[in-house]
2 protein chains.
Amino acid sequence: MCAKKILVVDDEQPLVELLTANLEREGYEVISAGDGLTAIELAEHQKPDLILLDWMLPKLDGFEVCKRLRPKTTAPIIMVTAKGEEIDKILGLEIGADDYITKPFSPREVLARVKAQLRRDTYVNKETTGTDNIIKIGELEIDKSAYQIRRAGVDVALTFREFQLVLFLAENAGQVFSREALLQHVWGYEYFGDVRTVDVTVRRTREKLEPDQNNYRYILTKRGVGYYFDKSQ
Amino acid sequence: MCAKKILVVDDEQPLVELLTANLEREGYEVISAGDGLTAIELAEHQKPDLILLDWMLPKLDGFEVCKRLRPKTTAPIIMVTAKGEEIDKILGLEIGADDYITKPFSPREVLARVKAQLRRDTYVNKETTGTDNIIKIGELEIDKSAYQIRRAGVDVALTFREFQLVLFLAENAGQVFSREALLQHVWGYEYFGDVRTVDVTVRRTREKLEPDQNNYRYILTKRGVGYYFDKSQ
DNA sequence: TTTATTTTCTCCAAAAATGAAACAAAATTG
DNA sequence: CAATTTTGTTTCATTTTTGGAGAAAATAAA
């Protein structure tokens, strides 16, 4: 899993520190800005996954910052406000914040809301499986919504990573991928590991997937390059 | 479950965009119209599952659009109005809108109401069809109107959440859902809590529902992904 | 055939996911 | 408003998966 980056915008230094400490303790990467202009700049260049934005800011207030940010980023914005401020406006259409928290707040509450917003973000990706949920290649069926592969109608028990590997290769059948490329696509962009990991996962997958261990049909090796899924299957 | 289609009718382009973005982020399919006539046309041909309709519109105002739409579609209509407009008329018989939202509103609020209406929609449909109120899967009977589950004819005493969980999974049997997705669908849009809550509820449900605690039949785990209802039941 | 390179295999340790249980908070009911 | 039930959180234990290192095997080249 990758560390989500959170931009904290507030002019009160102690508050920023408190939030930073709490967020970092939960494994988030935190960047911060003390005023609106810096916030916009940071948001553009650092591309945070979520923005915690104070309402009262020097130079450019939260309202303005939010309005300018909205067209530039899809990251959820949580406004931090004092009680009594016009909450309906904050969440209103003009601004487009995703949520708000009123001061004083507990760190736990902030964390809960941050988590919930980030969750919502990832949620869509996992489920928009759409119509075409089963890929068929020869006698292989890859069911994307059941995370299940069948060969000749029989379930093949793969782990999550193994499944992802087969899915990726099968969706790009015929194309050879280097180990580095597979690490990128199957493991994720910020994965720093040994390329040998790919070999091991390929072997384990073959063990479960291939009917004939001496004559592989699905995941083939392109010596000196990498692996690919046999298109003719 | 296919993506619900929502028709957004408003003449302010930025507003439409904001709503579209938010709705799509929740997995809905969005179509839009900028005036009343287009709205009616779209509603007829695209058959949306829900209509978000602004009060002030060029060519044909929301009042008229709603009145003409009502006989043609059973989709819930949510009126978008400025504060101070005659709300009782909007919901009244003459127009027949199902709900209303006053400007300015938060995206969250809109999503909440959309969701609520769609939920009621499916509920009403399932009820008016009468017969189909009991889902049978193997020796399991899920009685949606009695909020009651029977296994082999014997009542299983589940709490509301547990019931909702089983119902949702059973209605989408075979499809694996991440904990995040389950929080969204079973707990609701504004739930701020830990994903592990799902684990605990699953465990409690299994305790009551499953006949064999060492060999689950209904709610199964897909390691690394989430939970699903066994299709073969 | 021999050598060098690449791939595969095996084992072990680390990390992650899940399950279970205990506890706390919140909601419901009488 | 007190008691009960439901729901959510946290912690700990267990299981499963994953990653890494090096030996063995296979392949290509000399």
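**Entry 1: DNA strand C**

I began at B:Arg206, where an N or O atom of the side chain lies 3.1 Å from a phosphate oxygen of DNA strand C. I count this as a polar contact, that is, a pair of N or O atoms within 3.5 Å; within protein, one must be able to donate a hydrogen and the other to accept it, and residues adjacent in sequence count only if both atoms are side-chain atoms. The elements that give two or more residues to the surface near this strand are helix H8 (196-209) and strand S11 (219-222) of chain A, together with helix H8 (196-209) and strand S11 (219-222) of chain B. Helices (H or I, at least four residues) and strands (E, at least two) are DSSP runs, numbered from the N terminus.

The model is predicted: local features need pLDDT of at least 70, side-chain atom pairs count only at pLDDT 80 or more, and totals for chains, interfaces and linings use all residues. Residues are numbered from 1 along each chain as its sequence is written, chains are lettered from A and ligands numbered from 1 in the order in which they are written, and side-chain values use heavy atoms, with hydrogens and water left out.

I looked up two further contacts of DNA strand C. A polar backbone atom of A:Gly224 is 2.8 Å from a phosphate oxygen. B:Arg196 reaches a base instead: a polar side-chain atom lies 3.0 Å from a base oxygen.

I then listed the surroundings and found 26 residues around DNA strand C, the closest being A:Asp199, A:Arg203, A:Thr221, A:Tyr227 and B:Gly224. Near means that a heavy atom of the residue lies within 4 Å of the molecule or strand. Of the strand C atoms within 4 Å of the protein, 60% belong to sugar or phosphate and the rest to bases. I sorted the residues of this surface into seven nonpolar, four polar and 15 charged. Ala, Val, Leu, Ile, Met, Phe, Trp, Tyr, Cys and Pro count as nonpolar, Asp, Glu, Lys and Arg as charged, and the others, Gly among them, as polar.

**Entry 2: DNA strand D**

Around DNA strand D I found 20 residues, of which A:Thr159, A:Arg204, B:Thr159, B:Thr197 and B:Arg204 come nearest. Sugar and phosphate make up 63% of the strand D atoms that come within 4 Å of the protein.

I noted three phosphate contacts. A side-chain N or O atom of B:Thr197 is 2.7 Å from a phosphate oxygen of DNA strand D. For a polar side-chain atom of B:Trp187 the distance to a phosphate oxygen is 2.9 Å, and for a polar backbone atom of A:Arg161 it is 3.2 Å. H8(B) gives the most to the surface near DNA strand D, with three residues. That surface divides into six nonpolar, six polar and eight charged residues.

**Entry 3: Chain A and helix H7**

Chain A has eight helices and 12 strands. Of its 233 residues, 49% count as buried, meaning under 20% relative accessible area, with exposed over 50% and partly exposed in between (1.4 Å probe, protein chains only).

In helix H7 (residues 179-187) of chain A, I found A:Ala181, A:Leu182, A:Leu183, A:Val186 and A:Trp187 buried. Their cover includes helix H6 (160-171), strand S10 (177-178), H8 and strand S12 (226-229) of chain A. A:Gly188 follows H7(A) and has a positive phi, near 125°.

How values were computed:
Contact = heavy atoms within 4.5 Å.
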